[in-house]
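Biologist: I am new to this one, so could you walk me through it? Let us take it one question at a time.

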Amino acid sequence: MLSPKMLQALNDQINAELYSSYLYLAMAARCEALDLPGAAHWLRLQSKEEHEHAMKFFQYVNERRGEVKLQAIKEPPCSWNKLCQLFEDVLAHEQYISKRINDLVKLARDENDYATENFLQWFVKEQVEEEATVDAVIKRLRLVGEMPQGLFFIDRELGQRS
Ligand SMILES: [Fe+2]
Ligand SMILES: [Fe+2]
């Protein structure tokens with residue numbers, strides 16, 4: 001059985017992952033509007049991954065015989081005009097999610113919930129990867145700055161994500 005505190009925290013995380021999915025979908029829409037189809041493709045896949053993260057929590061809560069309670073997903077921003085700035089926001093968001101995952105691990109330990117602590121390890125590892133991937137994109141974007149040619153190549157590269 002999940003403790004009420006743990007159940008609440010896992011339900012909150014389902015919301016945070018669904019918000020991540022919604023945020024990246026908003027970013028994909030923005031990239032389409034900015035004529036950056038490759039980045040839009042990358043973000044659509046990112047959005048799909050976040051939905052899968054939410055479903056991992058969803059399934060886990062059910063396995064532990066907890067009840068999933070879905071909450072309202074807040075409206076994401078849509079004001080990005082530069083790809084570099086958009087990816088800086090992706091990184092900031094992933095850092096925020098990493099902190100949330102760490103807090104969940106801490107709570108699982110405090111509650112002596114070793115099964116949840118173990119379940120969360122996949123996310124601990126995933127967050128390291130997520131931050132590193134986005135950081136690499138930002139470094140390349142910084143390198144090309146405002147050069148349209150450079151941006152064109154990075155966009156094409158982002159479009160190759162499978
Ligand atoms: Fe996630
Ligand atoms: Fe993520």
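**A walk through the helices**

Biologist: How many degrees is the kink in H4, and on which residue is it centred?

Modeller: First, this is a predicted model, where local features need pLDDT of at least 70, side-chain atom pairs count only at pLDDT 80 or more, and totals for chains, interfaces and linings use all residues. Residues are numbered from 1 along each chain as its sequence is written, and chains are lettered from A and ligands numbered from 1 in the order in which they are written. A bend is the angle between axes fitted to the seven residues ending at a residue and the seven starting there. In H4 the kink comes to about 30 degrees, and its centre is Leu 120.

Biologist: Which residues of H4 are buried?

Modeller: Buried means 20 or more other C-beta atoms within 10 Å of a residue's own, exposed means 12 or fewer, and partly exposed is in between, with C-beta atoms placed from the backbone. By that count, the buried residues of H4 are Thr 116, Leu 120, Phe 123, Glu 130, Val 134 and Leu 141.

Biologist: Against which helices do the buried residues of H4 pack?

Modeller: Contact here means C-beta atoms, placed from the backbone, within 7 Å. Helices are DSSP runs (H or I, at least four residues), strands are runs of E (at least two), and both are numbered from the N terminus. The partners of those buried residues are H1 (4-33), H3 (83-110) and H5 (148-158).

Biologist: How are H1 and H3 oriented to each other, and why?

Modeller: Axes are lines fitted to C-alpha atoms, for helices over the stretch in contact, with angles from 0 to 180 degrees between N-to-C directions. The axes of H1 and H3 come within 11 Å and cross at roughly 170 degrees. Angles under 35 degrees count as roughly parallel, over 145 as roughly antiparallel, 65 to 115 as roughly perpendicular and the rest as oblique. The crossing angle therefore makes H1 and H3 roughly antiparallel.

Biologist: Is Asp 35 buried or exposed?

Modeller: Asp 35 sits in the loop between H1 and H2 (37-63). Its phi is near 60 degrees, a positive value in a residue other than glycine. With 9 other C-beta atoms within 10 Å, Asp 35 is exposed.

Biologist: What about Asn 112, buried or exposed?

Modeller: Asn 112 belongs to the loop between H3 and H4, and its phi, near 55 degrees, is positive in a residue other than glycine. There are 9 other C-beta atoms within 10 Å, so Asn 112 is exposed.

Terms used:
Two residues are in contact if their C-beta atoms, placed from the backbone, lie within 7 Å.
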